[in-house]
Amino acid sequence: MNRPDSGQPDQGANQDDAVWLDLVARLESDTVAIRPDAAPREQAPTGTAAAAPETPAQPTFSDFDPLGLAGTPPAEKSAVERGAGAPAGPETEMPADGPRDYEVDDDGGEFVPEEPPSLAGTDPLTMLAWLGAVGGPVALLLSAMFWRSAPLLAIVGIVAIFVLATVYLIMKLPQEKNGDDDGARV
C-alpha cells in the first residue's frame, strides 16, 4: 500500500484553502455588480494619495426590479369612499360586475325525482339473472355463517348460478355506443 507520509503536507488541502480564500476575497470586495452583464465599478486608489475613500452604494430593491414592484402603488379609495360610492378621483366609472355580483334565479320548487320504472314489466329471465348475481354471494355468506355442514354440491351450485347470472347480464349489455349520447342526463 502506498500511504502518503504523515510528515508531508497534503497538496489538495492547500489548493482547497487557496480556492476558499479567493472566494471569500471576491465576496468581501467593494465591487458589486447589480446585473451579470453590468461592468464592475472602479475602485478609488488606495494609499496616501487618496483623500477620503468613498463608500460604495449598496444595491437597493429598485436596482433589481424586473416586475416593476418598486414603483409607487396605485392610490386606493378609503373605506368611507368605497362605502359611500363616491368617486375618489378622475375615475367616475363603476367597475364591471364580477363573478359573484349576480343573484341566482330560484324558482322555489323542490327537486322531485321521476318515478322508477315498474319491475312488473321486466323480462323474467333478466330478473332471475339479477337475483342469481346478487343472491349468490349473499347465499354463500349465509351458508358460511349458519350452515357449516353444507354439502359441496350446494356450494358449487350457488357459485355456478352466480357465474351464469353474471355472464348473462354482461351479454345483455348494449354492444355499440350511441354516438349522440354523452352519458349525461338532465
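This passage describes the overall make-up of a predicted model and then looks at helix H3.

The chain is built from four helices and has zero strands. Read from the N terminus, its elements follow the order α-α-α-α. Of its 186 residues, 5% count as buried. The exposed area of the chain comes to about 17,700 Å², with carbon and sulfur atoms supplying 60% of that area. Taking contacts between residues at least 6 apart in sequence, 49% join residues that are at least 24 apart.

Helix H3 covers residues 124-146, and a good place to begin is its buried residues. These are Thr126, Ala129, Gly132, Ala133, Gly136 and Ser143. Helix H4, residues 152-171, is included in what covers them. Thr126 offers a convenient example from this group. This threonine lies in H3 and has a relative accessible area of 12%; it is classed as buried because that value is under the 20% cut-off. Once neighbours within four places in sequence are set aside, Thr126 is in contact with Tyr168, Leu169 and Lys172.

Further along, H3 is bent. The bend is about 35° and sits at Gly135, with a proline, Pro137, following within four residues. Pro137 itself is placed in helix H3. With a relative accessibility of 38%, this proline counts as partly exposed, because the value falls between the 20% limit for buried and the 50% limit for exposed. Not counting residues up to four places away in sequence, Pro137 touches Gly132 and Phe162. Gly132 is one of the buried residues of H3, while Phe162 falls in the range of helix H4 (152-171). The C-alpha atoms of Pro137 and Val159 are 8.0 Å apart in space, and the two residues are separated by 22 positions in sequence.

H3 also takes part in a feature of the surface. Trp130, Val134, Val138, Leu141, Leu142, Met145 and Phe146 together make a nonpolar surface patch of about 750 Å². Leu142, one of these residues, is found in H3. Its relative accessible area is 40%, so Leu142 is partly exposed. The same value lets Leu142 meet the accessibility requirement for a patch, because patch residues need over 30% relative accessible area.

Taken together, H3 has buried residues such as Thr126 and Gly132, a bend at Gly135, and a partly exposed leucine, Leu142, that belongs to the nonpolar patch.

Notes:
Residues numbered from 1 in each chain as written. Predicted model: local features only at pLDDT ≥ 70, side-chain atom pairs only at ≥ 80, totals over all residues. Heavy atoms only, no water. Patch = residues over 30% accessible without salt bridge, like charges linked within 9 Å, V, L, I, M, F, W, Y side chains within 5 Å. Areas by Shrake-Rupley, 256 points an atom, 1.4 Å probe, with all protein chains shown as cover. Salt bridge = Lys/Arg side-chain N within 4 Å of Asp/Glu carboxyl O. Helix = DSSP H or I, 4+ residues; strand = E, 2+ residues; numbered from the N terminus. Buried < 20%, exposed > 50% of the residue type's maximum accessible area, 1.4 Å probe, protein only. Contact = heavy atoms within 4.5 Å. Bend = angle between axes of the 7 residues up to and from the residue.
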